[in-house]
Every structure is written in structure tokens, then in C-alpha cells.
Amino acid sequence: MRDAHLVALDIDGTTITHEGELRERVRLAVRRVADAGHHVVIATGRSVLGTLPILTELGLDQGYAVCSNGAVTIALDPAHPSGYEVLEAVTFDPGPALELLRGAWPDAVVAVEDLGVGFKVSAPFPDPLEGVVTVVPWEELLADPVTRVTFRSPTGTSEDFTKLAERIGLHGVNYAVGFSAWLDINPEGVSKGSALELVRRRLGVQPMHTLAVGDQRNDVEMLRWAARGVAMGNAPEEVKAVADDVTEDVYADGLALVLDSLPGRRGREVAAP
């Protein structure tokens, strides 16, 4: 279609609820937008392995997906044995960041992403991780360049980790704190927004035809990147502040309201709650 948009969608708290439910109204809205000729690109902090099941639920088997907060971009290909091909994987030396984080929070656990395999962790992780999860000595966490480092505490809060990141002074990396005590660290200059810009150029979509929807601090760069960045109603205030629009929350199918406002779709424009 002539005015096809690049539609970038976060997963958790945006496309699915925090309990992992893909609501039917949202699923149908995503399907209609894709069928209308728009380019639906999932852009998530999840690993590739954690993203694939959501793509399957949405019926997306072609196009692109941005994973690991922009460090990994894949091209979907149903003919490929794994269903995708890695187009880009940006890595960095985790050593300096890990040395700053070591001992910074009493019960924190570190995970480094092992692309296409799973994660290496410093101790049993308090949350489910995708793929093979292996507890390794600290030295092994530092051994190789990685796409992402995750720092997680079962007892802290997002506010605790925001203050922690500011206090220890993480430099030379890009980082984002989640809705809990979860800190993701990526290569410097890498974000969902930076990866989506490369996808936009591959697709030949005009910058004015970009839409992004998200709910967390790791979505800020892509909301700023998009011609129209929409924050979910459940987003923190600092995320809403950088968005062009705010939709309803994930439990009120806020994403469906946004998607129904795209060109070629019948529906009303999203309004701030």
C-alpha cells in the first residue's frame, strides 16, 4: 500500500498483559493492520527465543523483529529452519559494567544473554528466562562480548534500581530500568529506536509513516524516534511525558485503539484517558 506504516510494538505491558495474556481484541487488531499492508515490527527487550512465541500468536511470520532492546534484529523467514535469520547482533564487553554492579545490591543476580541459546547467570534467576539457563562462575560472565546484561533483584524496586544506576555511574553503555528491580544494559548507542531506524531504511518507509507503542523506560528512544509515539496508559509518567499520545492501559486494549486509527483502517483516533 502507498502509505504503509512501520508499526513498532513493544510486547510486555503493551501487546500482552503483565500476566502474559494476548487479548483477542488486540490480536485481531494486529492481524488486520498487517493484512492491510502495514509493516508490524515487534520491538522488545525479550531475547529472540522469548519473542518467537508471541510472533506465532500474532500470526507474524514475515518481516522483521527487534529483540534484546535493539541489540538483535532478525528477519522472519518461514522457509528458514529456525523461522528467522539474524541480521544484526551488536555486542559489547560486559566487564566494566559488571565490575560496577558486583556487590552493588545484596541479593541481585546477573544474567548475560547467550544469543540463540539462552542465558548465563551468576546464580539461580528469580524470574523465568528463555532458552537454556546455566549458572556459571563470575569470571565466565566476563569472558565474551554479549548483546545484553541483566541485573535483577527479587527484593528491590524500580525506584531502587534507578537510583542505583545513577549512583554507580554506568558509562559507555545504554541502560534501562524496568517496572520492577530489573536493569537491562546494552551496547552504547543501541536502543529499540536505533534498530528500528535501520529496519525503516530497509523497508523504504518514510519517516512520517512511523508509529511506535510502548509502556516502559526501554521504550523511550523508540517513542521519540517515531513520527507518532504512543505510551500505554499503564506507562510511568516519564514515559508518557515523551510520547505524542497516551492510550488506554493494556487491560483496556489500549493498543487496539491505536491500531484502529491507522490509515486504511476504520476506527477512531486514540485519545488520552
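Visitor: What phi does Gly59 take, just after H2?
Guide: Gly59 takes a positive phi of about 75°. H2 is called a helix because it is a DSSP run of H or I with at least four residues, numbered from the N terminus. Do note that this is a predicted model: local features need pLDDT of at least 70, side-chain atom pairs count only at pLDDT 80 or more, and totals for chains, interfaces and linings use all residues. Residues are numbered from 1 along each chain as its sequence is written, and side-chain values use heavy atoms, without hydrogens and water.

Visitor: Which residues of helix H2 are called buried?
Guide: In H2 (residues 48-58) they are Val48, Gly50, Thr51, Ile54, Leu55 and Leu58. They are called buried because each has under 20% relative accessible area (1.4 Å probe, protein chains only).

Visitor: How do you know which side of H2 they are on?
Guide: They cover an arc of only 150° around the axis, which puts them on the same side of H2. The arc is taken from the directions from the helix axis to the C-beta atoms.

Visitor: What makes S12 and S13 a pair?
Guide: Two strands (DSSP runs of E, at least two residues) pair if DSSP finds at least two bridges between them. Strand S12 (residues 210-214) and strand S13 (residues 228-231) have 4 bridges, in the parallel sense, so they count as paired. Val213 stands opposite Val230 in S13.

Visitor: Why are S5 and S14 called edge strands?
Guide: In the open sheet of 8 strands, the order is S5-S4-S3-S2-S1-S12-S13-S14, with mixed pairing. S5 and strand S14 (245-246) each pair on one side only.

Terms used: Buried means under 20% relative accessible area, exposed over 50%, partly exposed in between (1.4 Å probe, protein chains only).
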